[in-house]
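This briefing introduces a structure through its side-chain contacts, its strands and one of its helices. Please keep the sequence and the structure in view while reading.

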Amino acid sequence: SLDILYEIATSLSQPGSLEQLLDGFLDTFIELVDARAASVRLATADGNTRLVASRGLAPEALERDRLMPAASCQCGWASTEGGIRTQAGTGECARLTGGPMLERDCSEFVVVPVQYQDRILGVYNLFLDRPLAALGEDMHDLLISVGRHLGLAIEKARLDSDARRLAIMEERNIIGNELHDSLAQSLIGMRLQLKMLEESLSRKDLGAAQYEVKNLRRAMTQANADLRDLLTNYRLKIDESGLAQTVANLVERFRRETGIAVFFQNECKALGLTPAQEIQVFYIIQEALTNIRKHSNARNVRILLNNEGDLYTVLIEDDGLGMAGVAGGLPGEHAGLAIMRERTERLPGQLVIESETGEGTRIVLIFNAPPLAAPTIAGRG
């Protein structure tokens, strides 16, 4: 039993989507208990159970059994009332679905609740060629334990998915703000310049018209560069190996494109950040590098990622021209600093900017990871 639990826990801890997780679970469990087939059904909000993964079922049975009312069968009863349920073969299932579940029927059909804490999320099924009792006295407790392991894995996958969805929604809002701060303002400026060009042409003032044309061309070039930067930045995604590796990739690209020497130092032994926090930290670092490239004329940049327990610190400093009067977030500060401050609020965290003209710039980001975030090795985030 302990060996089976270990194998199941290992299969459920692998990275990947919920579909990959369930497929790995079924493959492992079928082999461990010598089942003919297996499946997983999740309870839906409208009183049904939905087939989400299966192995060994007849191909034509998959569509017929996709969605079943919870009140009509053993799976539904177990998903609402709990408890392990068994029946001889799958004849009753075939009667409900209108066709056989297996090409050759099994000896015993087993339904086990999939549970997270006090909530039943659904059930998993085993199609056995021998009675459940023949597998050992402790098999009943083992199947319940496996159901709880599976429930925990499914709930974690759901929470991860929700976190990614929330992060995407937040990113869309920030992208909209950045578009407004850069392109929208450029377009407003070009519209005013067009108006001035029109007035110059109406006065037949050729010199003034040529001057406005040059301004328009310059504004369009800047808007095109801003758009190219936005598209380049938002094509970047968090690397599967984690935040630290994604930052390392960003640093390498920045170094290659600018010729600026960048030293990235990762002192985190473990990272326990949510997907939303990883995205915000990454884009704060990226925005800082963009500002350095555009404004600083720096030759050297240092980035430090450090944590002491749940307290994280990100340091970005350069030896460039520096900026005057930025520490307090004065009105009129350029869009990049405002974007970094907004992202810091979303962590939530604290952003300190120290800079003097000719003395470079030092940016320190400080924030806490959620207490319940699961720590991983630093490379994986």
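Glu257 is exposed, because its relative accessible area of 55% lies over the 50% cut-off. The model is a predicted one, and the points below begin with the helix that holds Glu257 before turning to other salt bridges, aromatic rings and strands.

**Helix α8**

- Glu257 shares helix α8, which covers residues 243-258, with Arg253, and the two are four residues apart, about one turn of the helix.
- The side chains of Arg253 and Glu257 meet in a salt bridge, in which N and O are 3.3 Å apart.
- Arg253 counts as buried because its relative accessibility is 17%, which is under the 20% cut-off, whereas its partner Glu257 is exposed.
- An α-helix has 3.6 residues a turn, so residues three or four places apart point the same way.
- The buried residues of α8 include Leu243, Thr246, Val247, Leu250, Val251 and Phe254, and Arg253 is also one of them.
- Helix α8 has 16 residues and spans 22 Å from its first C-alpha to its last, close to the 22 Å expected at 1.5 Å a residue.
- Just after α8 comes Gly259, which takes a positive phi of about 80°.

**Other salt bridges**

- In total, the count comes to 14 salt bridges.
- Arg41 and Asp65 are joined by a salt bridge between their side chains, at 2.8 Å from N to O.
- This pair links distant parts of the chain, with Arg41 in strand β1 (residues 37-43) and Asp65 in the loop between α3 (59-64) and β3 (67-69), 24 residues apart.
- Both of these partners, Arg41 and Asp65, are buried.
- A salt bridge also forms between Arg119 and Glu155, whose closest N and O atoms are 3.2 Å apart.
- Here too the pair links distant parts of the chain, since Arg119 belongs to strand β6 (residues 119-128) and Glu155 to helix α6 (residues 139-202), 36 residues apart.
- Arg119 counts as partly exposed at 37% relative accessibility, whereas Glu155 counts as buried at 6%.
- A network of salt bridges links Arg302, Glu317, Glu354 and Arg362.

**Aromatic rings**

- Across the whole structure, a search finds six aromatic pairs.
- Tyr312 and Phe367 form a stacked pair, with 5.4 Å from centre to centre and 15° between the planes.
- Because Tyr312 lies in strand β10 (residues 311-318) and Phe367 in strand β12 (residues 361-368), the pair ties together parts that are 55 residues apart in sequence.
- Tyr312 and Phe367 are both buried.
- Ring pairs also link Phe25, Phe29 and Tyr124 into a cluster.

**Strands β1, β2 and β3**

- Strand β1, which holds Arg41, runs antiparallel to strand β2 (residues 48-55), and six bridges join the two.
- Ser39 has Ser54 in β2 as its bridge partner.
- The hairpin of β1 and β2 has four residues between the strands, and Gly47 in this hairpin takes a positive phi near 85°.
- Strand β2 is also joined to β3 by three bridges, and these two strands likewise run antiparallel.
- Across from Met68 in β3 stands Thr49.
- In a regular strand the side chains alternate between the two faces of the sheet.

Definitions and conventions:
Residues numbered from 1 in each chain as written. Predicted model: local features only at pLDDT ≥ 70, side-chain atom pairs only at ≥ 80, totals over all residues. Heavy atoms only, no water. Salt bridge = Lys/Arg side-chain N within 4 Å of Asp/Glu carboxyl O. Buried < 20%, exposed > 50% of the residue type's maximum accessible area, 1.4 Å probe, protein only. Phe/Tyr/Trp six-rings, centres within 6.5 Å; stacked < 30°, edge-to-face > 60°. Pairing = 2+ DSSP bridges. Expected span 1.5 Å × (residues − 1).
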